[in-house]
Amino acid sequence: MSDGVLMETRGAVGVVTLNRPKALNALNLEMCRQLHPQLDAWAADPAVKAVVIQGAGGRAFCAGGDVRAVAASVAESPRGEQERVSREFFRAEYALNHRIHHFGKPYVSLVDGVCMGGGVGLSIHGAYRVVTEKLVLAMPETALGLFPDVGGGWFLPRFPGESGTYLGLTGARCSAADAMWLGYGTHHVESARLASVLEALVKAEWGTGPASSVVERILAGFHADAGTSVLATQHAAMDRCFAAERVEDIQQALEAEGTAWAQETWATLVRMCPTSLKVSLRQLRMGRTRDYDEMVAVEYRLSQSMTARADFREGIRAVLVDKDNKPRWHPGTLGDVTEADVEACFAPRAGDEFVVSSN
């Protein structure tokens, strides 16, 4: 068994430690396959009252799904095996997110340091997210030729106003104060006190009442104000500029806005994968009226269509491998991405249906 994820029961608490600190605890296929059955076991065990998940190393909770490894495996696999590699990883990751979403017991994420992409998926679907002053929160997928997945089509539209659209398209990074304003963070605790939070949960007297009441009382005792959210001060401008149904109209609104924030945001969008931007905006608009389980199926289909495109491998090369941040997208501009191109990404493909189980 790999030590990429450590799992133990301490008192009445199941404790998960993501243990790939050199990789910023990026989530790989083996970790997903180990963690999912353990969550099933803890869910069925009446002696386990809550689960706590944390990251090792002090730099990151989880920097995301290990898409670099997926891209490398796809590139190195023989023809015919490439789809299997992508299918297995995303099916396992999304099934794990779904298990967390429907866990049924208090699930507490201690989110310290970097939390992006798949790390958001491991945390946002649980009931409690404790963030620290070291938090760097983001959904950076449009820079990688992907889309904000792990349930992003469901949770991003439920952030205040158009903030989720802004975050999903730009990959902008958020602080702890931003996370609290968004509703991602449920509690803010100093990084140095996280060990004490875990210890208090382990030593708690659970009694016969709701376990959630015990968790909430303990977390409230450690909670401290996170300060002013910069994101909140941009709320009105985000709502004006990101309300459109077309990415081209969002860019035009940013140009008309004319502020330094708008100019910087416009420049960011220009660097993102054009196909990813259009696919992501449609995904986020769909998610406004669909529940989480419906969006998981949509996102799994998108995961397969998007990772099959050359833009995915190019995004990984530019951002994570060569790190020149000079991707060469195809198509290269928004105007070159047709409605048919976008529609094709959402189209059903044989063998690419994701069926959720009801644990």
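Let's start with the six-stranded sheet, which is open, has mixed pairing and runs in the order β1-β2-β3-β5-β7-β9. Its edges are β1 (5-10) and β9 (187-188), and each of these has a single partner strand, so one side of each is left without a neighbour in the sheet. Keep in mind as you look around that this is a predicted model.

Stay at the β1 edge for a moment. Strands of a sheet pair through backbone hydrogen bonds, and they can do that in either a parallel or an antiparallel way. Here β1 goes antiparallel with strand β2 (residues 13-18), and six bridges link the two. If you want to check the register, find L6, whose bridge partner in β2 is T17. Further along, T9 sits opposite G14 in β2. The hairpin that β1 and β2 make has two residues between the strands, and in it G11 adopts a positive phi near 60°.

Now for what lies against these strands. Helix α1 (residues 29-44) packs on the six-stranded sheet, where it touches β1, β2, β3 (50-55) and β5 (107-111). Its direction makes about 15° with that of β1.

There is another sheet to look at. Three strands, in the order β4-β6-β8, build an open sheet with parallel pairing. Its edge strands are β4 (60-62) and β8 (136-138), each of which pairs on one side only. On average, neighbouring strands here are turned by 15° against each other, ignoring direction. Between β4 and strand β6 (residues 114-116), which run parallel, there are two bridges. To find the spot, look for A60, which stands opposite V114 in β6.

Next, move to the helices, beginning with α6. How many of its residues are buried? Eight of its eight, so to speak the whole run: S163, G164, T165, Y166, L167, G168, L169 and T170. What do these buried residues pack against? Their neighbours are α7 (176-182), α10 (230-233), α11 (235-241), α12 (247-257), α13 (260-271) and α14. Just past the end of α6, G171 has a positive phi of about 70°.

Of those neighbours, α14 deserves a closer look. Two packed helices are described by the angle between their axes and the distance between the axes. For helix α6 (residues 163-170) and helix α14 (residues 274-287), the axes come within 10 Å and cross at roughly 155°. An angle over 145 degrees counts as roughly antiparallel, and that is therefore how α6 and α14 are related. The crossing of α6 past α14 is right-handed. On the α6 side the contact uses G164, T165 and L169, and these meet L277, S280, L281, L284 and R285 in α14. By class, that contact consists of four nonpolar, three polar and one charged residues.

α14 also has a partner in helix α15 (residues 292-307): their axes come within 11 Å and cross at roughly 170°. α14 and α15 are therefore roughly antiparallel as well. In this contact, S276, V279, Q283, M286 and G287 from α14 meet M295, V298, E299, L302 and M306 from α15. Sorted by class, the residues come out as six nonpolar, three polar and one charged.

Carry on along the chain to helix α16 (residues 310-321). Its buried residues include D311, F312, E314, G315, I316, R317 and A318. After α16 comes K323, with a positive phi near 55°. In the loop between α16 and α17 (339-346) you'll find T338, which is partly exposed at a relative accessible area of 37%. T338 and G164 are 174 residues apart along the chain, and their C-alpha atoms are separated by 24 Å.

One last stop links back to α16. R68 has its place in helix α2 (residues 67-76), and it is partly exposed, with a relative accessible area of 43%. Which residues does R68 touch, not counting those up to four places away in sequence? They are I316, L320 and V321. As for A26, it lies 42 residues from R68 along the chain, and the two C-alpha atoms are separated by 9.8 Å.

Key:
Residues numbered from 1 in each chain as written. Predicted model: local features only at pLDDT ≥ 70, side-chain atom pairs only at ≥ 80, totals over all residues. Heavy atoms only, no water. Axes fitted to C-alpha atoms, helices over the stretch in contact; angles between N-to-C directions. Helix = DSSP H or I, 4+ residues; strand = E, 2+ residues; numbered from the N terminus. Parallel < 35°, antiparallel > 145°, perpendicular 65-115°, else oblique. Left-handed = near helix turned anticlockwise from the far one by under 90°. Contact = heavy atoms within 4.5 Å. Nonpolar A, V, L, I, M, F, W, Y, C, P; charged D, E, K, R; others polar. Pairing = 2+ DSSP bridges. Buried < 20%, exposed > 50% of the residue type's maximum accessible area, 1.4 Å probe, protein only.
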